[in-house]
Amino acid sequence: MAFEQYENEDHRIQEKLKQKTWNEIRTNDSWAIFKIMSEFVNGYESMARIGPCVSIFGSARTKPNTKYYLLAEKIAYKISKAGYGVITGGGPGIMEAGNKGAHNGGGTSVGLNIELPFEQHFNPYIDKDKNLNFDYFFVRKVMFVKYSQGFVVMPGGFGTLDELFEAMTLIQTKKIGRFPIILVGSEFWSGLLDWIKTTMIDKEHNASPDDMNLIKVVDTEDEVVEALDNFYKKYNLSPNF
């Protein structure tokens, strides 16, 4: 069903583009700059008032009461009790679990929503004054990175991988300061990590072996909090510094 919805939406967009001249497309692109600027300004002002948090990423398709949904909820709960706020993409699945855990733990619960043709709708566990909406993925990703003290990456799809590799690339190239990237679920992540080590690094030399030190793989909520606390103790920092 989701694939059919995607095909229909893609067809609608293509037909709409065919009806526009090249000059109209260029004009629309120029005016889009102001919409992009407004999203950045609104995002910066809103997130600056909230303060730094820990971002939790994962699939929107994860069903409630399943293994990783329940684990994400426990992680967010413990994170909030440890003094960290929680940011998610604001939608269903793992995002809902993250906001739910933060809400039940009495912590800050932030949702950064994105307009999508299917899947995305904001969940009810976001703080009412911390529910932000975006049209542009790249603006939304800036908010995740700029205001996160750490990334907790649950099993997910292409969007989750995009967010993971974005964070790793920015740290690797020293465009942002280093912060903890914690992958949850060794069974889920082991195949990807083995490929990165054996093919990308050892065989093709397209990355440094030291880059693997940017991430930590865990399986429990206690390990997540321990990894966050150990990282910030090492640098003499504390939650929401």
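Two residues are in contact when heavy atoms of one lie within 4.5 Å of heavy atoms of the other. The legends below use the word in that sense. The model shown is predicted.

**Figure 1. Leu-228 and its surroundings in helix H8.** Leu-228 is found in helix H8, which spans residues 221–234. Its relative accessible area is 0%, so Leu-228 is buried. Apart from residues up to four places away in sequence, Leu-228 touches Val-54, Ile-79, Tyr-84, Pro-180 and Ile-182. The view also takes in Gly-150: the C-alpha atoms of Leu-228 and Gly-150 are 7.3 Å apart in space, while the two residues are 78 residues apart in sequence.

**Figure 2. Glu-96, a buried residue that has no salt bridge.** Glu-96 belongs to helix H4, residues 94–104. Glu-96 is buried, and the nearest side chain of opposite charge, that of Lys-100, is 6.0 Å away. A salt bridge requires the nitrogen and the carboxyl oxygen to be within 4 Å, so the pair does not qualify. What the side chain of Glu-96 does make is a polar contact of 2.6 Å with the side chain of Tyr-69. Tyr-69 is also among the contacts of Glu-96 beyond four places in sequence, together with Pro-64, Gly-91, Asn-123, Pro-124 and Tyr-125.

**Figure 3. The salt bridge between Lys-35 and Asp-135.** The structure as a whole has 8 salt bridges. In this one, the side chains of Lys-35 and Asp-135 meet with an N to O distance of 2.8 Å. The two residues come from distant parts of the chain, 100 residues apart: Lys-35 is in helix H2 (residues 22–50), and Asp-135 is in the loop between E4 and helix H5 (137–146). Lys-35 is partly exposed, at 33% relative accessible area. Asp-135 is partly exposed too, at 38% relative accessibility.

**Figure 4. The salt bridge between Glu-187 and Lys-67.** The side chains of Glu-187 and Lys-67 form a salt bridge at 3.8 Å, N to O. Because Glu-187 lies in helix H7 (residues 186–203) and Lys-67 in helix H3 (residues 67–81), the pair ties together parts that are 120 residues apart in sequence. Glu-187 counts as exposed, with 62% relative accessibility. Lys-67 counts as exposed as well, at 55%.

**Figure 5. The salt bridge between Lys-141 and Glu-166, and a network.** The closest N and O atoms of Lys-141 and Glu-166 are 3.4 Å apart, and the two residues form a salt bridge. This pair links helix H5, which holds Lys-141, with helix H6 (residues 158–172), which holds Glu-166; the partners are 25 residues apart. Lys-141 is buried, at 15% relative accessibility, whereas Glu-166 is partly exposed, at 29%. Elsewhere, Lys-35, Glu-39 and Asp-135 are joined into one network by salt bridges that share partners.

**Figure 6. Lys-130 in a loop.** Lys-130 sits in the loop between strand E3 (109–114) and strand E4 (131–134). Lys-130 has a relative accessible area of 14% and is therefore buried. Its contacts, leaving aside neighbours within four places in sequence, are with Ile-50, Thr-108, Ser-109, Val-110 and Gly-111.

**Figure 7. Confidence across the predicted model.** The average pLDDT of the protein is 87, and 84% of the residues score at least 70. Among its elements, strand E6 (residues 181–184) has the highest mean pLDDT, 98, and helix H1 (residues 2–18) has the lowest, 55.

Key: Residues numbered from 1 in each chain as written. Predicted model: local features only at pLDDT ≥ 70, side-chain atom pairs only at ≥ 80, totals over all residues. Heavy atoms only, no water. pLDDT = per-residue confidence, 0-100. Helix = DSSP H or I, 4+ residues; strand = E, 2+ residues; numbered from the N terminus. Buried < 20%, exposed > 50% of the residue type's maximum accessible area, 1.4 Å probe, protein only. Lys, Arg positive; Asp, Glu negative; His and termini not counted. Polar contact = N/O pair within 3.5 Å; in protein donor to acceptor, adjacent residues only side chain to side chain.
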